[in-house]
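This report concerns salt bridges, burial and model confidence. Please consult the sequence and the structure shown below while reading.

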Amino acid sequence: LHCTRPLCLGRRRLSSDAHMRVRTPFRCSPHPCEYEIAFVSDVEGDLDYFNRWVAGSRCVAYTGSDEAALTLTHARAYFVYGGDVPDHGRGSEQLLRLLVGLKRAFPRRVALLVGNRDLNKLRLTSECAPSDLARPHWSIPAPHWDPSAPTLSQHLEQVAAARGGGATAASCDCAAERLRWMYENTLGCPATFEARRAELAALRSVGSATGDNGGGGGGGGGGGGGGGGAAPPPPPP
């Protein structure tokens with residue numbers, strides 16, 4: 001977006017010569033000025049796409065060749081992110097760090113809006129907490145907004161059947177599997193668990209990130225982690 005002067009009292013003349021009425025006129029400085037606003041939205045973890053966008057931006061740039069931090073390119077540059085940072089791509093955590101770092105560097109010239117994919121992750125702060133992980137898996141219902149979605153117990157039974165070797169729903173119940181169930185069946189992002197596992201493995205420079213028995217590894221780390229919590233009691237007879 002590119003916004004230039006001139007402006008006048010009562011009406012604003014835009015750069016396209018279109019006109020709009022304003023309720024409250026305001027005085028403008030007589031000195032010419034120019035502002036540039038960069039806007040991007042719904043990157044959803046696709047860091048390659050974001051990097052291409054930055055390469056074509058006149059307002060936002062990387063500070064170095066390592067692409068570890070962002071900056072605004074000139075004193076009248078502004079940036080607005082329209083929401084939906086994480087999920088589908090394998091760069092969610094890196095993108096979050098970049099955007100938060102830019103906001104901290106330019107708090108009055110950067111606006112970070114939240115979308116549904118950002119807001120729904122607030123659930124993880126409670127549902128991945130040790131106190132909630134201690135709840136019996138059979139007491140957690142399926143999402144009420146999706147009648148076809150399995151319950152946590154049904155998900156764990158499917159995992160146990162796939163593992164074989166006498167595995168049960170109770171033995172498969174851990175923070176990572178609860179997080180996987182949430183991503184796949186309650187948050188609308190079935191690929192996120194494995195995408196975050198791959199991203200964390202790359203960030204840690206290891207062959208693979210594992211978290212199937214605790215939540216401190218790649219899968220659990222994707223949603224805030226948390227420990228495994230107390231072992232859940234057996235289901236009722």
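Are Glu 177 and Arg 180 buried or exposed? Both Glu 177 and Arg 180 are buried. The model under discussion is a predicted one.

## The pair in helix H8

Glu 177 and Arg 180 belong to helix H8, which spans residues 175–185. They are 3 residues apart, about one turn of the helix. A salt bridge joins Glu 177 to Arg 180, with 3.3 Å between the closest N and O atoms.

This pair is part of a wider arrangement: a network of salt bridges links Arg 163, Glu 177, Arg 180, Glu 194 and Arg 197.

## Other salt bridges

Over the whole structure, the search yields 14 salt bridges. As background, side chains of opposite charge can pair when their charged atoms come close.

One of the salt bridges connects Arg 178 with Asp 173, where the closest N and O atoms lie 2.8 Å apart. Arg 178 has a relative accessible area of 5% and is therefore buried. Asp 173 is also classed as buried, because its relative accessibility is 13%, and the cut-off for this class is under 20%.

Another salt bridge is formed by the side chains of Asp 132 and Arg 135, at an N to O distance of 3.5 Å. Asp 132 counts as buried because its relative accessibility is 18%. Arg 135, at 33% relative accessibility, counts as partly exposed.

## Surroundings of Asn 185

Helix H8 also contains Asn 185. Asn 185 is buried, since its relative accessible area is 17%. Which residues does Asn 185 touch, not counting residues up to four places away in sequence? On that basis, Asn 185 touches Pro 143, Asp 146, Ala 149, Pro 150 and His 155.

## Confidence in the model

The protein has a mean pLDDT of 79, and 73% of its residues reach 70 or more. Over residues 1–29, pLDDT stays under 50, and the model has 37 contacts beyond four places in sequence for this segment. Residues 213–237 likewise have pLDDT under 50 throughout, and for them the model has 60 contacts beyond four places in sequence.

Where pLDDT is low, the predicted coordinates should not be read in detail. This caution bears on the contacts listed for residues 1–29 and for residues 213–237.

Technical notes. Residues numbered from 1 in each chain as written. Predicted model: local features only at pLDDT ≥ 70, side-chain atom pairs only at ≥ 80, totals over all residues. Heavy atoms only, no water. Salt bridge = Lys/Arg side-chain N within 4 Å of Asp/Glu carboxyl O. Buried < 20%, exposed > 50% of the residue type's maximum accessible area, 1.4 Å probe, protein only. Helix = DSSP H or I, 4+ residues; strand = E, 2+ residues; numbered from the N terminus. Contact = heavy atoms within 4.5 Å. pLDDT = per-residue confidence, 0-100.
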